[in-house]
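Visitor: Please take me closely through a single part, a pocket, and then through the strands and aromatic rings connected with it. Which residues lie closest to the centre of the second largest pocket?

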Amino acid sequence: MAAPCPLPPPDPQFVLRGTQSPVHALHFCEGGQAQGHPLLFSGSQSGLVHIWSLRMRRALATLDGHGGQCVTWLQTLPQEHQLLSQGRDLKLCLWDLAEGRNAVVDSVHLENVGFCRSSILVQGQPRWMLAVPGKGSDEVQILEMPSKTSVCTLKPEADAKLGMPMCLRLWQADCSPRPLLLAGYEDGSVALWDVSEQKVCSRIACHEEPVMDLDFDSQKAKGISGSAGKALAVWSLDGQQALQVCGTHQLTNPGIAEVTIRPDRKILATAGWDHRIRVFQWRKMQPLAVLAFHSAAVQCVAFAANGLLAAGSKDQRISLWSLYPRA
């Protein structure tokens, strides 16, 4: 008896159109729920941020704060109605979205126009820590917000030759108040920084090409990174803060723009330059689906707390997927 054929990948649940520009950043905001639906923020190459109602499936508002320069990163703050947007105009904007307002209330001047997205670590309201690409091409600057006080600059040793930081992830272990930073570099390595000590705890060579994005599961002390090459790398962190490569997953085509683990840590998704979204089981890195909907590079992926997956593409569309429902 022949084995049953695998089910074909599903179609998107729905598609958002109207950015009129390639989509480079996505972020769900659970606090801004409208009748059980999270809000979705998208950042476009034209410098605009769109706020989408997933219930009405249309844009509620458009924010224009980056002078026509590409928006590369979006993040809401725990104090509701505040949004951070990073653009290639060397500006990181803080927006007040309360009560229908769409106003920039503060901004941070960035000193590096690279592709590196920023990262935040909330340390108890209203204080939070911000990691941004630094003035030197290989530096990361750490700021305390909202005061914009410089905490430190993380600069690799001169002979390390890591190149530019390409992606950043601030985090804190449950057992320690010390902030830590995972950074992926142009030389293909991932480094763990102790921010307080301003030193590299551990560094591993994961990729032969620049690391384009990484995500970290602090509960499993395990992370994943994607690069401009043909492999995903899975790595772990032991109790002595030493990174170790656990394995790699080879891809058909090169180029991962973003990788993100679902909040329940069951599955992950990647945004591929080959127009594909790939979905994996996180624990064993078992491939689950290849979603071939977009007609150009997929540049960002994001999960909502309810498991909904959004993907933004150079084809100016945002696809929404309901996959492997949360148990």
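Guide: Ala, Val, Leu, Ile, Met, Phe, Trp, Tyr, Cys and Pro count here as nonpolar, Asp, Glu, Lys and Arg as charged, and the others, Gly among them, as polar. On that basis the lining of the second largest pocket divides into 9 nonpolar, 3 polar and 3 charged residues. The model is predicted: local features need pLDDT of at least 70 and side-chain atom pairs 80 or more, while totals for chains, interfaces and linings use all residues. Residues are numbered from 1 along each chain, and side-chain values use heavy atoms, without hydrogens or water.

The second largest pocket (an open set of points on a 1 Å grid where a 1.4 Å probe fits, with protein on both sides within 12 Å along at least five of seven lines; lining residues have an atom within 4 Å of a point) holds about 360 Å³ of space. Of its 15 lining residues, His24, Phe115, Arg117, Met212 and Ala257 are the closest to the centre. Two strands (DSSP runs of at least two residues) give two or more residues each to this lining, namely E14 (165-172) and E18 (211-217). E18 contributes the most, with 3 residues.

Let us follow E14 first. Of its 8 residues, 6 are buried (under 20% relative accessible area; exposed is over 50%, partly exposed in between), and the strand is thus mostly covered. E14 pairs with strand E15, residues 179-185, through 7 bridges (at least two make a pair), and the two run antiparallel. Within this pairing, Cys167 has Gly184 of E15 as its bridge partner. The two strands form a hairpin, and 6 residues lie between them.

E14 and E18 are also connected through their aromatic side chains. The structure has 3 aromatic pairs (ring centres within 6.5 Å; planes under 30 degrees apart are stacked, over 60 edge-to-face, the rest tilted). In one of them, the ring centres of Trp171 and Phe216 are 4.6 Å apart and the planes stand at 45°, so this pair is tilted. Because Trp171 belongs to E14 and Phe216 to E18, the pair ties together parts of the chain that are 45 residues apart in sequence. Trp171 and Phe216 are both buried. Together with Trp235, Trp171 and Phe216 make up one aromatic cluster. Thus E14 and E18, which both help to line the pocket, are also joined by the Trp171 and Phe216 rings.

Another aromatic pair may be set beside this one. The rings of Phe293 and Trp321 have centres 6.3 Å apart and planes at 80°, so the pair is edge-to-face. This pair, too, links distant parts of the chain: Phe293 is in the loop between strand E25 (286-291) and strand E26 (298-303), whereas Trp321 is in strand E28 (residues 318-321), 28 residues away. Phe293 has a relative accessibility of 24% and therefore counts as partly exposed. Trp321, at 1%, is buried.

Finally, antiparallel pairing appears elsewhere as well. Strands E10, E11, E12 and E13 form an open sheet in that order, with antiparallel pairing. Strand E10 (119-122) and strand E13 (149-154) stand at the edges with a single partner each, so one side of each has no neighbour in the sheet. E13 is joined to strand E12 (residues 140-145) by 5 bridges, and Gln141 stands opposite Thr153 of E13.

Notes
Grid points are joined across faces, edges and corners, and a volume is the space filled by probe spheres set on the points. Helices (H or I, at least four residues) and strands (E, at least two) are DSSP runs, numbered from the N terminus. Rings of Phe, Tyr and Trp (its six-membered ring) pair if their centres lie within 6.5 Å; planes under 30 degrees apart count as stacked, over 60 as edge-to-face and the rest as tilted. Buried means under 20% relative accessible area, exposed over 50%, partly exposed in between (1.4 Å probe, protein chains only).
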